[in-house]
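Q: Please take a close look at how one pair of elements packs in this structure. Set that contact within the chain, and say how far the surrounding parts can be read.

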Amino acid sequence: MPTPPSADVLAALREFVARLDELDPEAPLVGELTLGLAGATERLPLRAPVARALTEALRGYHDPRDRGRCAHCAGPLDDDFVCRSCGIVNGLFGRTVAAFATPAEGEEEARGIAGVDRPDGTLND
Ligand SMILES: [Zn+2]
């Protein structure tokens, strides 16, 4: 049976605090971490090195689903670099993808999708 995510969070945080506190047990105590998960509450000492490490880790985390922000409205981008808020295709890569996927004005079909001038499928090299 898999461990519930809340138990994983508590165990990981408890182990993290213990690991760093072991390196410098006399580091100044700056507070307390209190976590309430699944009906249980746990209090952990928060020493300066742990506070710094947690801050750095949280601020440095990049979610793989995060495709960045729209240059126009700062809304979140989807996997195709289209803004979820205003619908603009963002960045050079996004505009290039859009140009290949959407026919330009006056074109009957999108560039690079069909009618490519490579009948044998080679790059002529
Ligand atoms: Zn936008």
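**The helix pair and its setting**

A: The chain holds three helices and two strands. Read from the N terminus, their order is α-β-β-α-α. The model is predicted, with a mean pLDDT of 82 over the chain, and 78% of the residues reach 70 or more. Of the 125 residues, 6% count as buried. Among contacts between residues at least 6 apart in sequence, 20% join residues at least 24 apart.

The part to look at is the contact between α1 and α2. Helix α1 covers residues 5-23, and its axis comes within 9 Å of the axis of α2, crossing at roughly 130°. An angle over 145 degrees would count as roughly antiparallel, and 65 to 115 as roughly perpendicular; the two helices are therefore oblique to each other. The crossing of α1 past α2 is right-handed. On the α1 side the contact is made by Val17, Leu20 and Asp21, and on the α2 side by Pro49, Val50 and Ala53. By type, these residues divide into five nonpolar, one charged and no polar. Asp counts as charged, so the charged member is Asp21 of α1. Helix α2 is also where confidence in the chain is highest, at a mean of 97.

The strands come between these two helices in the order of elements. Strand β1 spans residues 29-37 and includes Val30. Val30 touches Leu46, Arg47, Ala48 and Ala51, leaving aside residues up to four places away in sequence. Its C-alpha atom is separated by 5.4 Å from that of Arg47, although the two residues are 17 apart along the chain. Val30 counts as partly exposed because it has 13 C-beta neighbours inside 10 Å, where 12 or fewer would make a residue exposed.

The loop between β1 and β2 (40-47) contains Ala38. Ala38 has phi near 50°, a positive value in a residue other than glycine. With 10 C-beta neighbours inside 10 Å, Ala38 counts as exposed.

After α2 comes the loop that leads to α3, and Phe81 lies there. Like Ala38, Phe81 is not a glycine, and its phi is positive, at about 65°. Phe81, however, counts as buried because 20 C-beta neighbours lie inside 10 Å, and 20 is the number from which a residue is called buried.

Asp78 is placed in the loop between α2 (48-60) and α3 (91-101). Asp78 touches Arg67 and Arg84, again without counting residues up to four places away in sequence. The C-alpha atoms of Asp78 and Val89 are separated by 9.6 Å, with their positions 11 residues apart along the chain. Having 14 C-beta neighbours inside 10 Å, Asp78 counts as partly exposed.

As for confidence along the chain, among the elements it is lowest in α3, at a mean of 74. Over residues 113-125 the pLDDT is below 50, and this stretch has four contacts in the model beyond near neighbours in sequence. Where pLDDT is low, predicted coordinates should not be read in detail.

Terms used. Residues are numbered from 1 along each chain as its sequence is written. This is a predicted model: local features need pLDDT of at least 70, side-chain atom pairs count only at pLDDT 80 or more; totals for chains, interfaces and linings use all residues. Helices (H or I, at least four residues) and strands (E, at least two) are DSSP runs, numbered from the N terminus. Two residues are in contact if their C-beta atoms, placed from the backbone, lie within 7 Å. Axes are lines fitted to C-alpha atoms, for helices over the stretch in contact, and angles run from 0 to 180 degrees between N-to-C directions. Angles under 35 degrees count as roughly parallel, over 145 as roughly antiparallel, 65 to 115 as roughly perpendicular and the rest as oblique. A crossing is left-handed if the near helix is turned anticlockwise from the far one by less than a right angle, and right-handed if clockwise. pLDDT is the predictor's confidence in each residue, from 0 to 100.
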